[in-house]
Amino acid sequence: MKLFFSDLDGTLLHPHTYCFDAAEPALRTLKEQNLPLVLCTSKTRAEVEFWRERLDNRDPFIVENGGAIFIPQGYFPFEIPGAVQRDGYDVIEIGTAYEELVATLRACAKESGCEVVSFADWSVADICTHTRLPVKQAELAKKREYDEPFEIVGLGTYRLLGAIEAKGKRWTRGDRFYHITGGNDKAEAVRRLTALYEQAFGSITTVGLGDGHNDENFLATVNIPVVVQSRFAAALARAIPHCIVSRWPGPHGWNEAVLHVLTATAAAGRA
């Protein structure tokens, strides 16, 4: 069975309009073949639920750069070790509490002399301005639990990032923002969820699609990594030499790559 993991912003969703219409042929094919599509993103649970509804997606999902895995209750035919039950999900929490991350970021900014602004500092209107999100989606983006996006607005980037690491936290970079997290990342969440799929369904071939720096570790984890065209694509291709790189960015590239993977693996199976 093939198992697809996908980033959202700049990958399945257009980086500016957040539209996914161009990906509809591939999305339809995945549904027809009953292949899971796990959204693996820096977005919050509230944001992912918004997009799952529009995508008619009922599979598990990974939020806030691997901060937690949300699995609809009853999805797997066994109890999930270490999961907590919440709002109809079995939740595997990997990340650090949001309040601790915000406090650590502020302390590191002060110690390093590097000024930052983060989602905790911004109003919903500020988030709309910086992300081009509609108001409703900006409200959902404020509902953070395991990850804090931030911008560096002063000098001392390397001092700041070093201070974050010295305090035992991680940082990564998406298309728009840096992020501070706990000990989690997308790769660890992908590995844990893949193990559950293998327990339930046997042999799995994993496919990952992403476009940013924060996707590198999970793309390196899957069997078939796909880099959706972006300003980070060349660097990601150097870091993951066996990856597929789409010709187009956003949902056009996502659609191209998914259909290519499905066609290529079907042809290999017939050979």
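Mentor: Two strands count as paired if DSSP finds at least two bridges between them. Before we use that, remember this is a predicted model, where local features need pLDDT of at least 70, side-chain atom pairs count only at pLDDT 80 or more, and totals for chains, interfaces and linings use all residues. Residues are numbered from 1 along each chain as its sequence is written, and side-chain values use heavy atoms, with hydrogens and water left out.

Trainee: OK, what makes β8 and β10 a pair?

Mentor: Strands β8 (residues 147-152) and β10 (residues 178-181) share 4 bridges, and the rule asks for at least two, so they pair. The sense is antiparallel. One of those contacts to look at is Asp 147, whose bridge partner in β10 is Thr 181. The element names come from DSSP runs: helices are H or I with at least four residues, strands are E with at least two, and both are numbered from the N terminus.

Trainee: Which sheet do those two strands sit in, and which strands are its edges?

Mentor: They belong to an open sheet of 4 strands, in the order β7-β8-β10-β9, with antiparallel pairing. Its edges are β7 (116-118) and β9 (170-173), since each pairs on one side only. Neighbouring strands there are turned by 35° against each other on average, direction ignored. Axes are lines fitted to C-alpha atoms, for helices over the stretch in contact, and angles run from 0 to 180 degrees between N-to-C directions.

Trainee: And why is the other sheet called mixed?

Mentor: Strands of a sheet can pair either parallel or antiparallel, through backbone hydrogen bonds. The open sheet of 9 strands has mixed pairing, in the order β5-β6-β4-β3-β2-β1-β11-β12-β13. At its edges are β5 (84-86) and β13 (244-249), each pairing on one side only. The average turn between neighbours in this sheet is 25°, direction ignored. For one antiparallel pair, look at β4 (residues 68-72) and β6 (residues 89-93), joined by 5 bridges; Phe 70 has Val 91 as its bridge partner in β6.

Trainee: What makes α2 largely enclosed?

Mentor: Buried means under 20% relative accessible area, exposed over 50%, and partly exposed in between (1.4 Å probe, protein chains only). In α2, 8 of the 11 residues are buried, so the helix is largely enclosed by the rest of the structure. Among them are Phe 50, Trp 51 and Leu 55, and the charged names Arg 45, Glu 47 and Arg 52 are on that list too. Helix α2 (residues 45-55) lies across β2 (37-40), β3 (61-63), β4, β5 and β6, at about 150° to β3. After the helix comes Asp 56, with a positive phi near 55°.

Trainee: Why is Cys 19 not in a disulfide?

Mentor: A disulfide is a pair of cysteine sulfur atoms within 2.5 Å. The closest cysteine sulfur to that of Cys 19 is in Cys 128, 19 Å away, so it is too far for a bond. Cys 114 is in no disulfide either: the nearest cysteine sulfur, in Cys 108, is 10 Å away. Searching the whole structure gives 0 disulfides.

Trainee: Are those two cysteines buried or exposed, and what are their values?

Mentor: Cys 19 has a relative accessible area of 31%, so it is partly exposed. Cys 114 is at 1%, so it is buried.

Trainee: What makes Val 102 and Thr 11 buried?

Mentor: Val 102 is at 9% relative accessibility, so it counts as buried; Thr 11 is at 0%, so it does as well. Val 102 is in helix α3 (residues 98-112) and touches Ala 120 and Glu 148, leaving aside residues up to four places away in sequence. Contact here means heavy atoms within 4.5 Å. Thr 11 sits in the loop between β1 (2-6) and α1, and with the same neighbours left out its contacts include Ser 6, Leu 209, Asp 211, Val 228 and Trp 254.

Trainee: Last one: how many cavities are there, and which residues lie nearest the centre of the largest?

Mentor: On a 1 Å grid over the protein atoms alone, a cavity is a set of points where a 1.4 Å probe fits but cannot get out, a pocket is an open set with protein on both sides within 12 Å along at least five of seven lines, and lining residues have an atom within 4 Å of a point. The count is 1 cavity of 30 Å³ or more. The largest cavity holds about 290 Å³, and of its 22 lining residues Asp 9, Ser 42, Arg 176, Phe 177 and His 179 lie nearest its centre. Grid points are joined across faces, edges and corners, and a volume is the space filled by probe spheres set on the points.
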